[in-house]
Amino acid sequence: MPPILPEPHRRNTGDVVHPVQPCNRGRMPGSDMELHAWIDESARIANAEPPAYFLGGVVAAPGASEAHRDALRPLQNTRRKLHWRDIDGPHRRRVVSVIRGFDVQHVVVVGTPMDPKRQERARALCLERLAWELCERHHVIHTTLEARTPSLMQRDRRTIDALRGRGGLPRGMRVDHGNPLDEPMLWIADQIVGAVGDAHTGDDRWLQALANAVELIRIEL
């Protein structure tokens, strides 16, 4: 597959799941500003070579997030969350245009090759890497994952607990699950992993429109 981002925006990290050094940050260096992240997932199997799993987070200051929510709500076409796979090209164009105007950062872990029968393993490995990236490199202090079924959310909590046990996350970093019907910030993460997934299967127009704000981190599964 050809690169879907210019070289400065891609980091190929092989099969490294978490760095040796523990994450011990919680604020931007030299600043009292706290940053939060909202995380969603996507996967591509059909027309994907190789099959891939994507876990992405949008990083933003909580104080600015209410304005982002207000800008996103008019883009809903149903009472459900704004979902990339449910909207057409013109609607995607409007969504991407709005997101481009936000003062946020996007970090997406791309895991390949994904065994379609072991998607939860792919999620755990990508979550482990993304959580470390958000803490150590982006200084996030509070992370919200999109809510899933109770049993799958328990899997996420076990992954986070294991990461804390290895020193990969500070014990003070808060990790929650949030309902996407109530939290438009989760919609941003959905749109970004949707755009990255489309690029993986050959349609990179949406990702190119967002490229300056998106960082991809590749891991081997």
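This is a short talk on the fold, the empty spaces and a few single residues of one predicted chain.

Ground rules come before the tour. The model is predicted, so local features need pLDDT of at least 70 and side-chain atom pairs count only at pLDDT 80 or more, while totals for chains, interfaces and linings use all residues. Numbering starts from 1 along each chain as its sequence is written, and side-chain values use heavy atoms, with hydrogens and water left out.

Start with the overall layout. The chain has six helices and seven strands. Both are DSSP runs, numbered from the N terminus: helices are H or I with at least four residues, strands are E with at least two. From the N terminus on, the order is β-β-β-α-α-β-α-β-α-β-α-α-β. Of the 221 residues, 52% are buried. Buried means under 20% relative accessible area, exposed means over 50%, and partly exposed is in between, with a 1.4 Å probe and protein chains only. Now contacts, meaning heavy atoms within 4.5 Å. Take those between residues at least 6 apart in sequence: 79% join residues at least 24 apart.

Next, the empty space. Rolling a probe the size of a water molecule over the atoms shows where empty space is left. We use a 1 Å grid over the protein atoms alone. A cavity is a set of points where a 1.4 Å probe fits but cannot get out. A pocket is an open set with protein on both sides within 12 Å along at least five of seven lines. Lining residues have an atom within 4 Å of a point. Grid points are joined across faces, edges and corners, and a volume is the space filled by probe spheres set on the points.

The largest pocket comes to about 370 Å³. Which residues are the closest to its centre? Of the 17 that line the pocket, they are E41, K81, H83, R85 and D190. Two elements give two or more residues to this lining: β2 (35–44) and α5 (185–200). β2 gives the most, with five residues. By class, the pocket lining has five nonpolar, four polar and eight charged residues. For the classes, Ala, Val, Leu, Ile, Met, Phe, Trp, Tyr, Cys and Pro are nonpolar; Asp, Glu, Lys and Arg are charged; the others, Gly among them, are polar.

There is one cavity of 30 Å³ or more. The largest cavity has a volume of about 40 Å³. Its lining is I39, L127, A131, L134, T143, L145, I160, M173 and V175. α3 (119–137) and β5 (140–146) are the elements that give two or more residues. The largest share, three residues, is from α3. By class, the cavity lining has eight nonpolar, one polar and no charged residues.

Back to α5, one of the pocket elements. α5 has 16 residues and reaches 24 Å from first C-alpha to last. The expected span is 22 Å at 1.5 Å a residue, so the two are close; that expectation is 1.5 Å times one less than the number of residues. How many of its residues are buried? The count is 16 of 16. Just after α5, G202 takes a positive phi of about 110°.

D198 brings us to R92, which sits in helix α2 (residues 89–100). R92 counts as buried because its relative accessibility is 14%. The R92 side chain makes a polar contact with the side chain of D198 at 3.0 Å. A polar contact is a pair of N or O atoms within 3.5 Å; within protein, one must be able to donate a hydrogen and the other to accept it, and residues adjacent in sequence count only if both atoms are side-chain atoms. A polar atom of the R92 side chain also lies 3.0 Å from the backbone oxygen of W84. Beyond four places in sequence, R92 touches W84, R85, I87, D198 and W206.

Another buried case is V109, in strand β4 (residues 105–112). V109 counts as buried because its relative accessibility is 0%. Its C-alpha is 8.2 Å from that of Y53, 56 residues apart along the chain.

Last, the backbone. The E49 to P50 peptide bond is cis, omega near 0°. T112 and P113 are also joined by a cis bond, omega about -15°. N47 and H139 are not glycines, yet N47 has a positive phi of about 60°, and so does H139. Buried or exposed? N47 is exposed, at 73%, whereas H139 is buried, at 7%.
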